[in-house]
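Subject: The structure I promised you

Hello,

Here is the structure I said I would send over. Please have a look at it first, and then read on for what turned up.

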Amino acid sequence: MNTSKLFTIESNLSKEDYRYFLYISTFFKDKFAIFKMILLLFSISMFCICGEGSFSLKSFFIIFLLLSFIFISLILIRIESRINKRIKTDATGIFNTQETLDFYNDFIVVNNSVFEGEIKIKYNQIYKVFESNHYFITYFNINQATLINKTNLDTDTINNLRNLYKDNLKDKYINLKI
């Protein structure tokens, strides 16, 4: 195991970063989530139309669009309520605190200024990593993640981190292109 540090990234989580993170995790953590939502809406629309005894393509699309609007609105309301709840109940002061990530060839060491101690995790133990236009979201497990804001990084560090993740995570690294 190589224990020489490759680079260090210091990051902090703002309330807007958390909002962005929740939207990504809701819609992209499960690669079939959007497909499942569309399939569910399609099925409910078909059920509603078939319940009338005849099929009309125009009625189907109207019901599908109406249900889509309601469904998306409910999801957005749920996400926003989770964000507001997290912000209001944040007793640890996690927002805008410093998090230091030390990257090595075989593992990452994470230190947070709020919590005592450190987390050392091998790349093969990482659940998934998403890269968007503005963030790297590293899921240590399905429920625990760290967010790295790219706006605080230089181009070389972004490329080094991207290559490190691609080399060590293979199919667990996902570039969202959003």
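Let me begin in the middle of the sheet, where β2 and β3 run antiparallel and are joined by five bridges. Please keep in mind throughout that this is a predicted model. Within that pairing, Leu-101 faces Val-110 of β3 across the strands. The two strands make a hairpin, with two residues between them.

**The sheet**

Stepping back, the hairpin belongs to an open sheet of four strands, ordered β1-β2-β3-β4, with antiparallel pairing. The edges are taken by β1 (5-12) and β4 (118-122); each has a single partner strand, so one side of each has no neighbour in the sheet. On average, neighbouring strands are turned by 20 degrees against each other, if direction is ignored.

On the β1 side, seven bridges hold β1 and β2 (residues 98-104) together in the antiparallel sense. Glu-10 is found there opposite Thr-100 in β2. Helix α4 (residues 155-169) packs on the sheet and touches β1, β2 and β3 (107-112), its direction making about 110 degrees with that of β1.

On the other side, β3 and β4 are antiparallel too, joined by five bridges. Val-109 has Lys-120 of β4 as its bridge partner, and Val-110 stands opposite Ile-119 in β4. Val-110 is thus a residue to click on, as it also stands opposite Leu-101. The hairpin of β3 and β4 has five residues between its strands, and Gly-117 adopts a positive phi near 90 degrees in it. As for cover, five of the six residues of β3 are buried, so the strand is mostly covered.

**Helix α4**

Now to the helix that packs on this sheet. α4 has 15 residues and spans 21 Å from its first C-alpha to its last, close to the 21 Å expected at 1.5 Å a residue. Its buried residues are Thr-157, Ile-158, Leu-161, Arg-162, Leu-164, Tyr-165 and Leu-169. Why do they lie on the same side of α4? Because they cover an arc of only 160 degrees around the axis. In general, an α-helix has 3.6 residues a turn, so residues three or four places apart point the same way. The face of α4 turned away from the buried side carries Thr-155, Asp-156 and Asp-167, which are exposed.

**The cores**

The largest nonpolar core has 20 residues, and those with the most contacts inside it are Phe-103, Ile-108, Tyr-123, Ile-148, Leu-161 and Tyr-165. Two or more residues are given to this core by each of β1, β2, β3 and α4. The largest share, five residues, comes from α4. If you would like to see how Leu-161 sits in its surroundings, leave aside its neighbours within four places in sequence: Leu-161 is then in contact with Phe-7, Ile-9, Phe-103, Phe-136 and Ile-148. Apart from this core lies another, of 17 residues, which include Ala-33, Ile-75, Ile-79 and Tyr-135.

**Helix α3**

Two of the residues just named, Ile-75 and Ile-79, are among the buried residues of α3, together with Phe-60, Ile-63, Phe-64, Ser-68 and Ile-83. α3 has 32 residues and reaches 46 Å from first C-alpha to last, close to the 46 Å expected at 1.5 Å a residue. Leu-76 also lies in this helix, which covers residues 57-88. Is Leu-76 buried or partly exposed? Leu-76 counts as partly exposed, because its relative accessibility is 32%, between the cut-offs of 20% for buried and 50% for exposed. Its C-alpha is 8.5 Å from that of Tyr-23, a residue 53 places away along the chain.

**One more strand residue**

Finally, please look at Thr-146, which has its place in strand β7 (residues 145-149). Thr-146 has a relative accessible area of 4% and is therefore buried. Its contacts, leaving aside neighbours within four places in sequence, are Glu-99, Leu-101, Phe-136, Ile-137, Thr-138 and Phe-140. Leu-101 brings us back to the pairing of β2 and β3, where it stands opposite Val-110.

Happy viewing, and best wishes

Conventions: Residues are numbered from 1 along each chain as its sequence is written. This is a predicted model: local features need pLDDT of at least 70, side-chain atom pairs count only at pLDDT 80 or more; totals for chains, interfaces and linings use all residues. Side-chain values use heavy atoms; hydrogens and water are left out. Two strands pair if DSSP finds at least two bridges between them. Axes are lines fitted to C-alpha atoms, for helices over the stretch in contact, and angles run from 0 to 180 degrees between N-to-C directions. Contact means heavy atoms within 4.5 Å. Buried means under 20% relative accessible area, exposed over 50%, partly exposed in between (1.4 Å probe, protein chains only). A nonpolar core is a set of buried Ala, Val, Leu, Ile, Met, Phe, Trp, Tyr and Cys residues joined through side-chain atoms within 4.5 Å. The expected span of a helix is 1.5 Å times one less than its number of residues. The arc is that of the directions from the helix axis to the C-beta atoms.
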